[in-house]
Amino acid sequence: MENTVSPEIQNMPQPVVEIDASSGFCHGVVGAIRKAEEELERTDVPLYCLGDIVHNNDEVERLEKKGLSTITHADLPRLRGARVLLRAHGEPPSTYALASELGIEIVDATCPVVLRLQQRIKETYDKVSPRPQIVIYGKAGHAEVNGLVGQTAGEAIVVENVSQLDRIDFSRDIALYSQTTMSLSGFAEMTREIDRRIAPGVEFRYYDTICRQVANRVNHLRDFAASHDVVLFVAGVKSSNGKVLFKECLDVNSRTYLVSSSGDFDPAWIDGAKTIGICGATSTPRWLMEQVRDTVMDHISRRS
């Protein structure tokens with residue numbers, strides 16, 4: 001078959017393709033996946049995971065092939081005596097209570113950072129008198145946030161942005177915590193606005209509980225995205241962290257594209273690019289970024 005690639009393109013130097021070394025699973029997700037794999041290898045007794053172990057369909061499917069079955073809370077009553085893994089996001093006390101009632105063996109893979117945060121919120125709720133309003137800066141309905149709210153018997157107030165602060169009574173004491181994966185700048189804005197609105201004499205305490213491994217990725221990824229002509233950001237469609245970090249990359253590089261797998265790659269995206277950066281969310285496995293890289297490299301080699 002005749003080569004239809006123009007001489008100009010043939011003579012162009014091949015673009016450099018780089019995977020960001022800091023992208024990929026955070027420590028909490030690494031620990032949960034390692035624990036799941038260890039348990040699957042240790043015994044043939046079925047292992048169930050309460051919710052997707054990570055918000056990435058490809059990684060979930062990889063572990064399902066090893067024997068990990070994903071379930072929902074609605075499935076628990078039919079699993080008496082089973083083994084159930086709790087993922088890194090954590091769970092509210094009600095989940096542990098139900099598991100005990102059903103004789104379910106809990107394999108607890110809650111991220112240590114999340115676990116400490118749960119304990120701090122519970123101590124505030126149980127021991128501080130008079131009890132302040134416990135406010136959580138986070139995404140309502142997120143698995144981690146559900147676990148945090150559960151430490152307060154459902155009383156904590158969840159706010160995602162300053163427009164939702166009207167839910168708070170500014171004449172009462174306030175204790176502000178944060179979901180571990182929220183932005184530092186957003187938390188700072190939240191504390192400033194509460195401090196501005198709070199009534200005289202009312203106590204306002206805030207606790208920066210954002211995971212630095214996640215938070216520090218923002219500035220790094222912005223620098224990484226700005227240093228490449230094209231950026232392919234790899235993340236699962238369910239990843240809230242992925243959506244946040246993708247927007248940060250897009251903010252500094254308009255040629256940033258979101259892909260969930262190598263099949264999403266459009267060769268037109270890299271036309272004229274000399275450097276191509278591949279990065280991802282805290283829920284993105286390294287092997288998936290490598291697959292995207294290999295797809296890009298294969299396209300480059302075929303057009304040269």
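1. Start with Gln118, where a polar atom of the side chain sits 3.4 Å from the backbone oxygen of Glu91. This is a predicted model, so take that distance as a computed one. Gln118 belongs to helix H5, which runs over residues 112-127. The residue is buried, at 6% relative accessible area. Setting aside residues up to four places away in sequence, Gln118 touches Gly90, Glu91, Gly147, Leu148 and Gln151. Glu91 therefore turns up twice for Gln118: in the list of touching residues, and as the owner of that backbone oxygen; the side chain in question is a buried one because its relative accessible area is 6%, under the 20% limit.

2. Gln133 makes a good companion to that case. Gln133 is in strand S6, and it is buried, with a relative accessible area of 6%. Here the partner is Asp169: its backbone oxygen lies 2.6 Å from a polar atom of the Gln133 side chain. Beyond four places in sequence, the residues touched by Gln133 are Ile157, Ile168, Asp169, Arg172, Asp173, Ile174 and Ala175. If you want to look at one pair here, pick Gln133 and Asp169.

3. Between H5 and strand S6 (133-137) there is a loop, and Pro130 is in it. The peptide bond leading from Ser129 into Pro130 is cis, with omega near -5°. Worth a glance if you are checking backbone geometry: the bond to look at is Ser129 to Pro130.

4. Another backbone item is Ala153, whose phi is near 55°, a positive value in a residue other than glycine. Ala153 is found in the loop that links helix H6 (143-150) to strand S7 (157-159). Is Ala153 buried or exposed? Exposed, with 60% relative accessible area; the label applies because the cut-off for exposed is over 50%.

5. On to Thr256, in strand S11, residues 256-259. Thr256 is buried at 4% relative accessible area. A polar atom of its side chain is 2.7 Å from the backbone oxygen of Asn253. Leaving out residues up to four places away, Thr256 touches Val231, Phe233, Phe246, Cys249 and Leu250. His228 is 28 residues from Thr256 along the chain, and their C-alpha atoms are 9.6 Å apart.

6. Leu79 is in the loop between strand S3 (68-71) and strand S4 (83-86). Despite the loop setting, Leu79 is buried, with a relative accessible area of 4%. Its contacts, neighbours within four places aside, are Tyr48, Ile71 and Ile104. For a long-range marker, try Leu79 and Asn253: 174 residues apart in sequence, with C-alpha atoms 48 Å apart.

7. Now the cysteines. How many disulfides are there? The count is 0. Cys26 has its closest cysteine sulfur in Cys111, 6.1 Å away, and that is too far for a bond because the sulfurs would have to be within 2.5 Å. Cys279 is in no disulfide either, with the sulfur of Cys249 its nearest, 4.2 Å away. Cys26 counts as buried at 13% relative accessibility, and Cys279 is buried at 0%. Cys249 also appears among the residues that Thr256 touches.

8. Finally, the chain as a whole. It has 11 helices and 12 strands, and its C-alpha trace spans about 80 × 55 × 25 Å along the principal axes. Of the 304 residues, 48% are buried. Taking contacts between residues at least 6 apart in sequence, 71% join residues at least 24 apart. The accessible surface is about 15000 Å², with 49% of it belonging to carbon and sulfur atoms. As for charge, there are 34 positive and 42 negative charges, and their mean positions are 3 Å apart.

Definitions and conventions. Residues numbered from 1 in each chain as written. Predicted model: local features only at pLDDT ≥ 70, side-chain atom pairs only at ≥ 80, totals over all residues. Heavy atoms only, no water. Helix = DSSP H or I, 4+ residues; strand = E, 2+ residues; numbered from the N terminus. Buried < 20%, exposed > 50% of the residue type's maximum accessible area, 1.4 Å probe, protein only. Contact = heavy atoms within 4.5 Å. Areas by Shrake-Rupley, 256 points an atom, 1.4 Å probe, with all protein chains shown as cover. Lys, Arg positive; Asp, Glu negative; His and termini not counted. Charge placed at Lys NZ, Arg CZ, Asp CG, Glu CD. Polar contact = N/O pair within 3.5 Å; in protein donor to acceptor, adjacent residues only side chain to side chain.
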